[in-house]
Amino acid sequence: MLATKLSSKVVKVAIFATAVTGGVTLISSSVFASLSATAFNTAGQSVSVGTLKLTQAASGQTGLTGGFTTAISAMAPGDQVNRFIDLTQAGTLNAASMTFKVADANTTTLTTDATNGLQVTVKECTVAYTATTGACSGTETTALAKGSANALLTDKALTLIAADLTGGASNVAHLKIVVDLPAGSEVTTNGTLPVGTVQGVSSSLTWTFTEAQRTATTTQG
Amino acid sequence: MTKTRTALVGLALGALFIAPQVSDLASAAASAIAGNSQTQSISTASYLAAPVSSTAASNPKQALQIQPGNSTAAQYFYVKSFGTDSLTGFTFSGTTTSGTLTYKKCPIGTTFSSSTRCSDSSTPTTVTAGAVTAALGTSSYQPMSVTPSRTNVTITITVTINNTQDRAAVTSIS
C-alpha cells in the first residue's frame with residue numbers, strides 16, 4: 001500500500017518536471033522563431049580610387065636634352081646653366097600643390113654657401129621651349145624665384161600653371177631650371193684658393209618634385 | 001580619488017589607441033614624387049696663377065723670392081697659370097728690401113733671350129706693377145723680368161687673380 005503511494009508520488013513529480021522542462025523549451029524556442037529581412041544591391045557597386053602620377057624627364061627638344069642627369073662641369077663664377085625639364089602629370093587626380101628641392105650627396109660650398117654657392121630659378125613656359133635656342137615662344141612665368149641651393153635643401157613651393165596640376169590628361173609642365181654661380185669676389189693669391197672657395201669643387205645633386213593630391217572631398221548623393 | 005585615477009588611466013589608454021588611428025588618417029593622403037634617379041654632378045673651375053722661376057715649375061702656392069746677390073741685373077721669372085680656367089690677365093706686385101724695382105715682359109709663350117730681347121726677337125715691353133692683360137690658358141705663362149736698383153736685396157713677387165680676370169662668364173643651355 002505504502003509502495004503504491006510512493007510510486008504514485010514519483011510519477012506525479014516526474015510529470016511535473018517534464019511539464020516544466022517542456023514549457024521552458026517551448027518559450028526558449030519561440031525567441032528564435034522571430035522573422036528577419038535583408039535587402040542588398042544585386043549588382044556590385046564599383047568604387048574606384050584615382051591616381052596621382054608624376055614623372056620628370058629631360059626636354060625632348062633638340063639641343064635642350066641635358067636634363068638633370070647630364071653633368072654640369074667647370075662652372076666659373078658668373079656662369080649660368082639652363083636645363084630643360086618636362087614634368088608630366090599623368091594621374092587621374094588633380095594635384096593641389098607642387099614643391100621642389102635639391103639634395104647634395106657630396107656636400108660642398110655650392111650648397112652650403114647661400115651667398116656664393118649655386119642660385120636656382122625655375123621658369124615655366126606654356127609651350128615647349130624652343131629647340132636649340134631655349135627661348136619660350138609662349139608665355140613664361142616664374143615658378144620659383146631665384147634663391148640659393150642652400151635654401152632649396154628644404155622643400156620650396158613651386159607655382160605652376162594651374163592646368164598642369166590637373167589630372168585626367170597628360171599635362172606637361174615645361175620647365176627651365178636656371179642654375180647660376182654668382183660672380184662673387186674671390187681672389188686667388190700665388191696659386192692658392194681662398195678659404196671657403198666655390199672654385200674647384202664638385203657636388204652631386206638630386207632634384208625632387210613632390211605634389212600632393214587635391215583636397216579630399218565629401219560627396220552626397 | 002580612486003575614481004579619478006581610474007578615469008585618468010582610461011583617458012591615457014584611449015589616447016594611445018586613438019592617436020595612431022588619427023595619424024594614419026592624416027598620412028593617407030596621396031602624394032607623388034619625381035626626380036632624377038642618378039645624381040647630377042656639378043663641378044666648378046678654378047682660376048689660379050703664381051710667379052715661378054721656371055716654365056716647368058709646379059704650383060708653388062706661395063710668393064716668389066729672388067735674391068740677385070751682388071748684382072742689379074735683370075732677374076727672370078714667369079707668371080704661370082695653374083687653374084682649370086683660362087685667364088684674361090693677372091695682377092702682380094713686387095717688394096724689395098731696398099731701392100726700387102722695374103719690370104719688363106715678353107710675349108706669352110716666349111722667353112727672355114737677354115734683358116733686351118725676347119726669344120721671338122721682339123723687344124721686351126716695360127710694365128708697371130698692377131693689372132696686366134694677358135690671355136693665359138691652362139699651364140701657359142707670361143715671361144717677366146724684374147731689375148733691382150740696388151744690390152744684395154731680396155725681391156718678393158706676388159700674383160693675384162680676381163674674378164674679372166677669369167675667362168668671361170657664359171650661359172649654357174645644355
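**Exercise 1. Which residue in strand 8 of chain A does Val81(A) stand opposite?** Use the predicted model, and then place strand 8 among its partners.

Solution.
Step 1. Find Val81(A). Its opposite number in strand 8 of chain A is Val179(A).

Step 2. Look at the strand pair. Strand 3, residues 80-89 of chain A, runs antiparallel to strand 8 of chain A, with 10 bridges between them. Another facing pair here is Asp86(A) and His174(A), the latter in strand 8 of chain A.

Step 3. Turn to another partner of strand 8. Strand 5 of chain A, residues 119-125, is joined to strand 8 of chain A by 7 bridges, again antiparallel. Here Val120(A) has Val179(A) as its bridge partner. Val179(A) thus faces Val120(A) and also Val81(A).

Step 4. Check how covered strand 8 is. Strand 8 of chain A spans residues 171-180, and 8 of its 10 residues are buried.

**Exercise 2. Find what else strand 3 of chain A pairs with, inside chain A and beyond.**

Solution.
Step 1. Stay in chain A. Strand 1, residues 54-58, is joined to strand 3 of chain A by 5 bridges, and the two run antiparallel. Leu54(A) faces Gln89(A) of strand 3.

Step 2. Cross to chain B. Strand 3 of chain A also pairs with strand 14 of chain B, in the parallel sense, over 2 bridges.

Step 3. Name the facing residues. Gln80(A) stands opposite Thr171(B) in strand 14 of chain B. Val81(A) stands opposite Ser172(B) in that strand.

**Exercise 3. How many residues does each chain bring to the contact between chain A and chain B?** Then describe the side of chain B.

Solution.
Step 1. Take the counts. Chain A brings 58 residues and chain B brings 44.

Step 2. List the elements on the chain B side. Those giving two or more residues are strand 1 (31-35), strand 2 (40-44), strand 3 (49-52), strand 13 (155-162) and strand 14 (171-172) of chain B.

Step 3. Sort that side by class. It holds 20 nonpolar, 20 polar and 4 charged residues.

**Exercise 4. Is Leu193(A) buried or partly exposed?** Give the reason, and then its surroundings.

Solution.
Step 1. Place the residue. Leu193(A) sits in the loop between strand 9 (187-189) and strand 10 (202-213) of chain A.

Step 2. Count neighbours. Burial needs 20 or more other C-beta atoms within 10 Å. Leu193(A) is partly exposed because it has 19 C-beta neighbours inside 10 Å.

Step 3. List its contacts, leaving aside neighbours within four places in sequence. They are Thr188(A), Gln199(A), Gly200(A) and Ser46(B).

Step 4. Compare sequence with space. Leu193(A) and Ile161(A) are 32 residues apart along the chain, and their C-alpha atoms are separated by 44 Å.

**Exercise 5. Survey chain A, then go to the largest nonpolar core.**

Solution.
Step 1. Count the elements. Chain A has 2 helices and 10 strands. From the N terminus, they run α-β-β-β-β-α-β-β-β-β-β-β.

Step 2. Gauge burial and contact range. Of the 221 residues in chain A, 30% are buried. Among its contacts between residues at least 6 apart in sequence, 77% join residues at least 24 apart.

Step 3. Enter the core. The largest nonpolar core has 42 residues, and Met75(A), Leu87(A), Val122(A), Leu158(A) and Leu175(A) touch the most other members. Several elements supply at least two residues each, including strands 3, 5 and 8 of chain A and strand 1 of chain B.

Step 4. Zoom in on one member. Leaving aside neighbours within four places in sequence, Leu158(A) contacts Met98(A), Thr99(A), Phe100(A), Val122(A), Ala143(A) and Leu144(A).

Step 5. Note the other core. It lies apart from the largest nonpolar core and has 25 residues, among them Val52(B), Tyr141(B), Met144(B) and Ile155(B).

**Exercise 6. In what order do the strands of the five-stranded open sheet of chain B lie?** Then identify its edges.

Solution.
Step 1. Read the order. The 5 strands lie as 3-5-12-7-10, with antiparallel pairing.

Step 2. Find the edges. Strand 3 and strand 10 (125-127) of chain B each pair on one side only.

Step 3. Give the turn. Ignoring direction, neighbouring strands of this sheet are turned by 30° against each other on average.

Step 4. Inspect one pair. Strand 5 (residues 75-81) and strand 12 (residues 141-148) of chain B are antiparallel over 6 bridges. There, Tyr76(B) stands opposite Ser145(B) of strand 12.

Technical notes
Residues numbered from 1 in each chain as written. Chains lettered and ligands numbered in written order. Predicted model: local features only at pLDDT ≥ 70, side-chain atom pairs only at ≥ 80, totals over all residues. Buried ≥ 20, exposed ≤ 12 C-beta atoms within 10 Å, placed from the backbone. Helix = DSSP H or I, 4+ residues; strand = E, 2+ residues; numbered from the N terminus. Pairing = 2+ DSSP bridges. Contact = placed C-beta atoms within 7 Å. Nonpolar A, V, L, I, M, F, W, Y, C, P; charged D, E, K, R; others polar. Core = buried A, V, L, I, M, F, W, Y, C linked by C-beta atoms within 7 Å. Axes fitted to C-alpha atoms, helices over the stretch in contact; angles between N-to-C directions.
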